[in-house]
Amino acid sequence: MLSGRTSAYAIGLTGGIGSGKTTIANLFQEYGINVIDTDAIAHQLSAPNGLAIPAIRQEFGDAAIAPNGAMDRNWMRELIFSDSGAKQKLERILHPLIRQECEKAAAMATSTYVIFVVPLLVESGNWRERVNRIAVVDCPEQTQIFRVMTRNNLSQEQVLAIMRAQVSRERRLAAADDIIRNEGDLSAAKKQVHELHQQWTGLAKAH
């Protein structure tokens, strides 16, 4: 999503749904690290008056826009489910804008290193050369299922369908330079974050 590696030392943080990426990213923010969340950027782009709204309206018609002026997420989700090409059309609109906003945020970053939170980092296939390290937030699949069922009020089968659309846990771990185990013990997660913060700070200063 970036046009090349940023001048700042960059970490790509990823993990499967329910792995706790946001929790871990927030812990790094407590150290003053600039965190750039691609999902949050995508939501801003498709919110009322978002930069992507005119192109979404032009591509999909007025039905794609909710009364409040945001992209109608439920309508779009149903369209993507029934029309395999709709997802690619939406990505062609969003991805260049996400890349542009990521570059702006990275240029304004003031911390020793920056973290890009990218849920589909491994799936996208083009982040490896755009960050210095990939960190994977990992937990057992049963923990993922329980968290997402509880958080999103989804059935187990719905959660499993989402997980099947993502790369396997094994492929994600194979892509990792660093692994953060997030199995529910916050003190253990904080300890890992502290150690990685020290390691990445050292690497960034030597970069």
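## Helices α4 and α5

Helices α4 and α5 sit oblique to each other, since angles that are neither under 35 degrees, over 145, nor in the range 65 to 115 count that way. The angle here is about 125°, and the two axes are 4 Å apart. Bear in mind throughout that this is a predicted model.

Who does the touching? On the α4 side we have Met76, Leu79, Ile80 and Ser82, and on the α5 side Ser84, Ala86, Lys87 and Leu90. Sorted by class, the residues of this α4 and α5 contact come out as five nonpolar, two polar and one charged.

## α3 against α5

α5 also packs with helix α3, which covers residues 53-60. Their axes come within 10 Å and cross at roughly 150°. Angles over 145 degrees count as roughly antiparallel, so that is how α3 and α5 are described. As for handedness, the crossing of α3 and α5 is right-handed.

From α3, the contact takes in Ala55, Ile56, Glu59 and Phe60, and these meet Ala86, Lys89, Leu90 and Ile93 of α5. There are six nonpolar and two charged residues in the contact of α3 with α5, and no polar ones. Ala86 and Leu90 turn up here on the α5 side, and both are also part of the α5 contact with α4.

## α1 against α10

Next comes the pairing of α1 with α10, the helix of residues 186-206. What angle do α1 and α10 pack at? It is about 55°, with the axes 10 Å apart, and α1 and α10 are therefore oblique to each other. α1 passes α10 in a right-handed crossing.

Four residues you can pick out in α1 are Thr23, Ile24, Leu27 and Phe28. Facing them in α10 are Leu186, Ala189, Lys190, Val193, Leu196, His197 and Trp200. The α1 and α10 contact divides into eight nonpolar residues, two polar and one charged.

## The largest pocket

Now for the open space. The largest pocket holds about 2100 Å³, and its lining runs to 49 residues. If you want to find its centre, look for Asp39, Lys87, Pro119, Leu120 and Gln166, the lining residues that lie nearest to it. Lys87 is one of the α5 residues in the contact with α4 as well.

Which helix gives the most to this lining? That would be α5, with seven residues. Plenty of other elements chip in: α1 (21-29), α2 (38-45), α4 (73-82), α6 (121-124), α7 (141-152) and α8 (156-165) each supply at least two residues, as does α5 (84-108). By class, the lining of the largest pocket has 21 nonpolar, 16 polar and 12 charged residues.

## The closed cavity

How many cavities of 30 Å³ or more are there? The count comes to one. The largest cavity has about 50 Å³ of space in it.

Its lining is made by Gly15, Gly16, Ser19, Val136, Val137, Asp138, Cys139, Gln144, Arg169, Arg172 and Leu173. Strand β4 (133-138) and helix α9 (169-174) each provide at least two of the residues that line the largest cavity. The class split for this cavity lining is four nonpolar, four polar and three charged; Asp138, Arg169 and Arg172 are in that lining, and Asp and Arg count as charged.

How values were computed. Residues are numbered from 1 along each chain as its sequence is written. This is a predicted model: local features need pLDDT of at least 70, side-chain atom pairs count only at pLDDT 80 or more; totals for chains, interfaces and linings use all residues. Side-chain values use heavy atoms; hydrogens and water are left out. On a 1 Å grid over the protein atoms alone, a cavity is a set of points where a 1.4 Å probe fits but cannot get out, and a pocket is an open set with protein on both sides within 12 Å along at least five of seven lines; lining residues have an atom within 4 Å of a point. Grid points are joined across faces, edges and corners, and a volume is the space filled by probe spheres set on the points. Axes are lines fitted to C-alpha atoms, for helices over the stretch in contact, and angles run from 0 to 180 degrees between N-to-C directions. A crossing is left-handed if the near helix is turned anticlockwise from the far one by less than a right angle, and right-handed if clockwise. Contact means heavy atoms within 4.5 Å.
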